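Me: I would appreciate a close look at one part of this model, the open sheet together with the helices that pack on it. Please set that part in the context of the whole chain and treat the backbone geometry around it as well.

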Amino acid sequence: MKQTVTTSFAGKEISIETGLMAKQANGTVMVRCGDNAVLVSVVSSKRESGLDFFPLTVEYVEKFYATGKIPGGYFKREGRPSTLQILTCRLIDRPLRPLFPEGYNFETQIVATVVSADGTFPVEVLASIGASTALHISDIPFDGPNATIHVARIDGKMVGNPSVEDLENSDISLIVSGTRRGISMVEGESGFISETDALEALKFGHEQLGVIFDAQDELREKVGSVPKREFAPRQINTDFKSQVEEFLSPKIKEALGIKDKLKRYSAVDVAKAEAQAKFVDTIESSEQKALCAKDLGAIVGSLKYDLARNLVLDTGVRIDGRSSKDIRQVTCEVELLPRAHGSALFTRGETQVLGTVTLGTGSDEQYIDALYGTIKKSFMLHYNFPPFCVGETGRMGGQSRREIGHGFLAERSLEAVMPSQEDFPYVTRIVGEVLESNGSSSMGTVCAGTMALLDAGVPIKGNVAGIAMGLITDGDRYAVLSDILGDEDHLGDMDFKVAGTREGITALQMDMKVDSISFDVIEEALEQAREGRNHILTKMEEVISTPRGEISKYAPKIITFKVKTEKIKDIIGAGGKVIKGIVEQTGVKINIDDDGTVHVASSDPKASEKAIQIINDIIAEAEVGATYKGKVVKITDFGAFVEVLPNTSGLLHISEIAHERVRSVTDVLAEGDEIDVKVLDVDRAGRIKLSRKALLDKPETH
């Protein structure tokens, strides 16, 4: 039976319904706001996966029929998920994952399908709310509810769930998720805001979520409060656990004191192998041996977790010997690659990123067939994380969801400082190649990207650095950690990335391993991040602090000028024949905007000059009183048409051919003749009146 709850959420009515569609799923809801609707279903297998991690997958699908569109391309159907859809999958996944029980390894899938959208409400928020609600009303173990809101600041006022149009005027755009207990995820960008402004936005967002928690609880009551499946993680044999822990504790503790990442990992592996030989390999039963081997892995993980965390909470010293606020050693270089338009190498501890910049023309813009229309991108950042950067082998080719997410975070971190197209008419592509990784390679990409932009001569509005903050807490005590290691990310309770200039924050991303975090901790983390960010900026600016005076000699030089809009068709020509001819003749790239702005790009100045001269000749207009060498293109009884400029002809009336009377035009002129003519007049319709006799000496009269 269909059940529905309705509530007002940040000034807009939201309804959540269940019981009508997709009833064979463990939980299904339709979330609506006006003409926007997202169908979300969740299914969790009742058979254990056997994996040692939680196999949760989230699929977010935008159907083009939702906006009354037919997909582009040859097949005319939705294809693989776009970058924006993958990013939304991650937004849904990240706040939900910590709310499943520890040790739950049953394969679980959430599918959110946008079935109607009009651009007046962020459908990704509806999808996230729907995912939490579907889990909450199902029998799947889930410590919800969770809720999500899109927070923007428009004209100095905080607004919840803005439309696509409203976002164009905002200087804060944050997706905020949380439980009743606090915030669990943040993702977004901003225009150089202060830490105080960021905290205000987060508090505003969390305050709005209460009505959504209540609505999910109300719907669960209406459907009958389906009992959750019984689940308890498998318990390790107490005797086996105590013996192994007694043997491994001093060895793991010693290993964690090794600063070098690979040596530390190797020491842990050696200790585990010794325990394997002593406690597992001696077991005769193959089934029991397999279980104990799995338990051994869990014990090692638990020991690393407890020992590393207690070290910080008890002594204030981290596993690499740093205090909570210390930043690892930073080294930077620029101008590494001679042919790249800009390059930089950023190294922070054992994290190293090679950043490159390539400058292109308008023809290099990326076109994205999106739900609300085609998106054009003139700034792109691509992040690559090859397996060798962590000393492993692996499959290459294609981007993982993690790479797409990290790249987008770095892109939005730098987008705020990019110059406008009017000031810098280039398409800019940054590539971050992660060469070594031990914590926060995405923020390393921001730093490398900034220096590569400066090396490329891009006139950015400010220098951006990024830092990842961590948290370790036992409920009563906590420590906020600056510039976290990979181990501190894995063993800690928070990964909070903050990027920005000295003037303010440009991007935020926060993920929690616990279900939420208090605002006092967030405030402390933001301030500590500001200090760390400024320290890293100082190190970067010791190498390069301002854009180079000119761009690379290998980059295209773009010359921009304006023409009358009615002249655009003359430059392009029928079927693009004229503009293609100019490109073939000169080798330049030409892009023309609808407002008549012409961009001519080439690394050869002479080629650009030649192309511009051709264009100027095409758009030139005849001036009254000027003399031109023209070509006779057509003969008529009343005169001749003479081409005085490319694609521009005027009438030379028979009476203006000569001083003496001309009986027939063909007595004096023939098609193809080149003659000098003077412009007598250009009327309002653009018709040109020419004279030849005005340039001839008058015959002497007797």
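Reply: In this predicted model, the protein has 15 helices and 29 strands. Its radius of gyration is 34 Å, well over the 27 Å that the globule rule gives for 702 residues, so the protein is more spread out than a compact globule. Along the principal axes, the C-alpha atoms fill a box of roughly 135 × 65 × 50 Å.

The part you ask about is an open sheet of six strands, arranged in the order β1-β2-β3-β4-β6-β5 with mixed pairing. Its edges are formed by β1 (3-9) and β5 (56-62), each of which pairs on one side only. From one strand to the next, the twist averages 15°.

At the β5 edge, seven bridges join β5 to β6 (residues 106-116), and these two strands run parallel. One pair can be named here: Y60 has A112 in β6 as its bridge partner. Helix α1 (residues 83-96) lies across β5 and β6, and runs at about 140° to β5. Since an angle over 145 degrees would be needed to count as roughly antiparallel, and 65 to 115 as roughly perpendicular, the value of about 140° is therefore classed as oblique.

A further helix, α2 (residues 123-137), also packs on the sheet. The strands touched by α2 are β1, β2 (12-18), β3 (27-33), β4 (36-48), β5 and β6. The direction of α2 makes about 40° with that of β4.

Two points of backbone geometry belong to the loops around this part. In general, most residues other than glycine have a negative phi, and most peptide bonds are trans. A10, in the loop between β1 and β2, has a positive phi of about 50° although it is not a glycine. In the loop between α2 and β7 (147-154) one finds P145, and the peptide bond leading from G144 to P145 is cis, with omega near 5°.

For a helix pair elsewhere in the chain, consider α6 (residues 238-256) and α8 (residues 286-315), which pack at an angle of about 50° with their axes 9 Å apart. The two helices are therefore oblique to each other, and α6 passes α8 in a right-handed crossing. Residues of α6 in this contact include F240, V244, L248 and I252, while those of α8 include L296, I299, V300 and L303. By class, the contact of α6 with α8 comprises twelve nonpolar, one polar and five charged residues.

How values were computed. Residues are numbered from 1 along each chain as its sequence is written. This is a predicted model: local features need pLDDT of at least 70, side-chain atom pairs count only at pLDDT 80 or more; totals for chains, interfaces and linings use all residues. Side-chain values use heavy atoms; hydrogens and water are left out. Two strands pair if DSSP finds at least two bridges between them. Helices (H or I, at least four residues) and strands (E, at least two) are DSSP runs, numbered from the N terminus. Axes are lines fitted to C-alpha atoms, for helices over the stretch in contact, and angles run from 0 to 180 degrees between N-to-C directions. Contact means heavy atoms within 4.5 Å. Angles under 35 degrees count as roughly parallel, over 145 as roughly antiparallel, 65 to 115 as roughly perpendicular and the rest as oblique. A crossing is left-handed if the near helix is turned anticlockwise from the far one by less than a right angle, and right-handed if clockwise. Ala, Val, Leu, Ile, Met, Phe, Trp, Tyr, Cys and Pro count as nonpolar, Asp, Glu, Lys and Arg as charged, and the others, Gly among them, as polar. The radius of gyration is taken over C-alpha atoms; the globule rule is 2.2 Å times the number of residues to the power 0.38.
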